[in-house]
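Q: I would like a close look at one part of this protein, followed by an account of how that part sits within the whole. Please take the text slowly and keep each statement tied to the model shown here.

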Amino acid sequence: MEFRVIKIKTNAQNLYGWIALTHDDHPIGHVFMQVELNDKIKFMDAWVHEDYRRQGIFTALWNTRWEFAKDKFPNYMAFAWCLPESVNLYRKKGFEEGDPAIYMEKEIK
């Protein structure tokens, strides 16, 4: 699968993003990160289109974001909330599991 990863400009302060595009500029994935207080970086909102999964796109996006973070924010602490299918990649990259959390939701009426 041929694709490219580009950094995108966001309108939110302290939010950085990258998008994966096919050769004809069709978006097939993205990742974001947000700089937070106390020298922390939140890795967030990772997505790859279901037709393009298991082709290295998420790993390419993850690695691009990681290299940017290492270059621009050395000595910061990176953290993420992971879905079960992403946990192994984070472990492989040297992340350690933190305290468990419980997802809560409620419809707004």
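Q: By about how much of the helix are K70 and E67 separated in helix α1 (residues 57-72)?

A: This is a predicted model, and what follows should be read with that in mind. K70 and E67 both belong to helix α1, which spans residues 57-72, and because they are 3 residues apart there, about one helical turn separates them. Their side chains meet in a salt bridge, with a distance of 3.3 Å from N to O. Side chains of opposite charge can pair when their charged atoms come close. Neither partner falls into the buried class: K70 is partly exposed, with a relative accessible area of 43%, and E67 is likewise classed as partly exposed, at 44% relative accessibility.

Another pair of charged side chains involves K72 and D71, which meet in a salt bridge at 3.8 Å, again taken from N to O. With a cut-off of 4 Å between the nitrogen and a carboxyl oxygen, this pair qualifies as a salt bridge. K72 counts as partly exposed at 49% relative accessibility, whereas D71, at 57%, counts as exposed. That assignment follows because the exposed class begins over 50% relative accessible area.

The structure holds 4 salt bridges, and one of them ties together parts of the chain that are distant in sequence. In this case the side chains of R4 and D25 meet at 2.3 Å, N to O. R4 lies in strand β1 (residues 3-8), while D25 lies in the loop between β2 (15-22) and β3 (27-36), so that the pair, 21 residues apart, links distant parts of the chain. R4 is partly exposed, at 39% relative accessibility, and D25 is also placed in the partly exposed class, at 44%. D25 has a further role in the description of the backbone, since β2 and β3 form a hairpin with 4 residues between them, and D25 in that turn has a positive phi of about 65°.

From that hairpin the view can widen to the sheet. It is an open sheet of 5 strands in the order β1-β2-β3-β4-β5, with mixed pairing. The edge strands are β1 and β5 (77-80), each of which pairs on one side only, and from one strand to the next the twist averages 20°. In a regular strand the side chains alternate between the two faces of the sheet.

Within the sheet, β2 and β3 pair in the antiparallel sense over 7 bridges, and in that pairing A20 stands opposite G29 in β3. On the other side, 7 bridges join β3 to β4, and these two strands also run antiparallel; here the bridge partner of G29 in β4 is V48. G29 of β3 is thus matched with A20 and with V48. The hairpin of β3 and β4 has 3 residues between the strands, and in it N38 takes a positive phi near 60°. Strand β3 is mostly covered, with 7 of its 10 residues buried.

The pairing at the β5 edge runs in the other sense: strand β4 (residues 40-48) and β5 pair in parallel over 4 bridges, and K40 stands opposite M77 in β5. A80 also lies in strand β5, and it is partly exposed, with a relative accessible area of 23%. A80 and K42 are 38 residues apart in sequence, yet 5.7 Å apart in space when taken from C-alpha to C-alpha. If residues up to four places away in sequence are left out, A80 touches F43 and Y90.

Taken as a whole, the protein has 2 helices and 5 strands, which follow one another along the sequence in the pattern β-β-β-β-α-β-α. Its C-alpha atoms fill a box of roughly 40 × 40 × 35 Å along the principal axes. Of the 109 residues, 28% count as buried, and the accessible surface comes to about 8400 Å², with 49% of it belonging to carbon and sulfur atoms. Among contacts between residues at least 6 apart in sequence, 42% join residues at least 24 apart.

How values were computed
Residues are numbered from 1 along each chain as its sequence is written. This is a predicted model: local features need pLDDT of at least 70, side-chain atom pairs count only at pLDDT 80 or more; totals for chains, interfaces and linings use all residues. Side-chain values use heavy atoms; hydrogens and water are left out. Buried means under 20% relative accessible area, exposed over 50%, partly exposed in between (1.4 Å probe, protein chains only). Two strands pair if DSSP finds at least two bridges between them. Axes are lines fitted to C-alpha atoms, for helices over the stretch in contact, and angles run from 0 to 180 degrees between N-to-C directions. Contact means heavy atoms within 4.5 Å. Accessible areas come from the Shrake-Rupley method with a 1.4 Å probe; for residues, only the protein chains shown count as cover.
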